[in-house]
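Me: I would like to learn how to read helix packing and pockets. Please start with handedness.

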Amino acid sequence: MQNKITQLFKIKYPIIQGGMVWISGWKLASAVSNAGGLGLIGAGSMYPDILREHIQKCKKATDKPFGVNVPMLYPDIEKIINIIIEEGVKIVFTSAGNPKTWTAFLKEKGITVVHVVSSVKFALKAEESGVDAIVCEGFEAGGHNGREETTTLTLIPMVKEKVQIPIISAGGISSGKSMLAAMILGADGVQIGSRFAATFESSAHDNFKEKIIAVQDGDTQLTLKELAPVRLIKNKFYQDIQELYQQKATVLELKELLGRARAKKGMFQGDLNEGELEIGQVAGLIHQIKSAKEVLDEIVTEFEQLKKAVQLL
């Protein structure tokens, strides 16, 4: 399955595992890379020394390419970047910030840079900054999302019309069927988060994994747009947010409710009531916790079968 993405990252399949906070540690990243995809360590929930430990463990667990996802609003961004360089990581996915800030510097160090966008406007800005590829993330995605509320189905072809660099589709993808749909629309590869969150290697708490496979249609919602739009499972914490909205809460009041470490409490520590539970709409199609290899193999098998079927039409 060779194309622009497999050639860019030197991987077997054009499937990237999302670098999710509190979920994407070295175990998950190495498992996905060993299975032929591209595993990403999620630096957004790691102190610099913890990130270094995960990178070193990942290098021992796989001889295949892997990368690090770096939210650029991270307070210790310079330390994070320096650790990535010192440890010899060759692939970096950046998000939540201006790609111009670090792209040139990283590329000078021989690092392949990919930036996450949610609109045509930001796709063009990322291409102009010199990134090697972009992740176009639709409104369906879990966690922090774009304000435009553009769905994957419309975002991919709109971006495809405007940019020349490779496109990785994200948001609502968990199967070979959805992977094929994204690539027919113009994507060169896919990034998958929620499906890999519900795997044995994911560092998410077992309570959260069980919650993911219990999610049904309508159980998630994008909220907190005044701070940073985020898609959450509707639990007690989510309902508390809605009650504040009904009281016409200020941004400060929303920040006070959010507080610190809500995502850690929910996804990593397993507090399903007071924690922030970030997952995509596609969780409604996830019914079983499996190994990362099983997930990837199933996606590839279904993709190849359906691709042949489409060619016969």
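Reply: A crossing is left-handed if the near helix is turned anticlockwise from the far one by less than a right angle, and right-handed if clockwise. Helices are DSSP runs (H or I, at least four residues), numbered from the N terminus. Here the crossing of H11 and H12 is right-handed. The model is predicted, with local features needing pLDDT of at least 70 and side-chain atom pairs pLDDT 80 or more, while totals for chains, interfaces and linings use all residues. Residues are numbered from 1 along each chain, and side-chain values use heavy atoms, without hydrogens and water.

Me: At what angle do H11 and H12 pack?

Reply: Axes are lines fitted to C-alpha atoms, for helices over the stretch in contact, and angles run from 0 to 180 degrees between N-to-C directions. H11 (residues 236–246) and H12 (residues 251–258) pack at about 165 degrees, their axes 11 Å apart. H11 is therefore roughly antiparallel to H12 (over 145 degrees).

Me: Which residues make the contact?

Reply: Contact means heavy atoms within 4.5 Å. H11 contributes Phe237, Asp240, Ile241, Leu244 and Tyr245, and H12 contributes Glu253, Leu254, Leu257 and Leu258.

Me: What about the second largest pocket?

Reply: On a 1 Å grid over the protein atoms alone, a pocket is an open set of points where a 1.4 Å probe fits, with protein on both sides within 12 Å along at least five of seven lines; lining residues have an atom within 4 Å of a point. This pocket's volume, the space filled by probe spheres set on the points, is about 310 Å³. Of its 17 lining residues, Ser174, Ser175, Arg195, Leu285 and Ile286 are closest to the centre. H14 gives the largest share of the lining, four residues.

Notes:
Helix = DSSP H or I, 4+ residues; strand = E, 2+ residues; numbered from the N terminus. Parallel < 35°, antiparallel > 145°, perpendicular 65-115°, else oblique.
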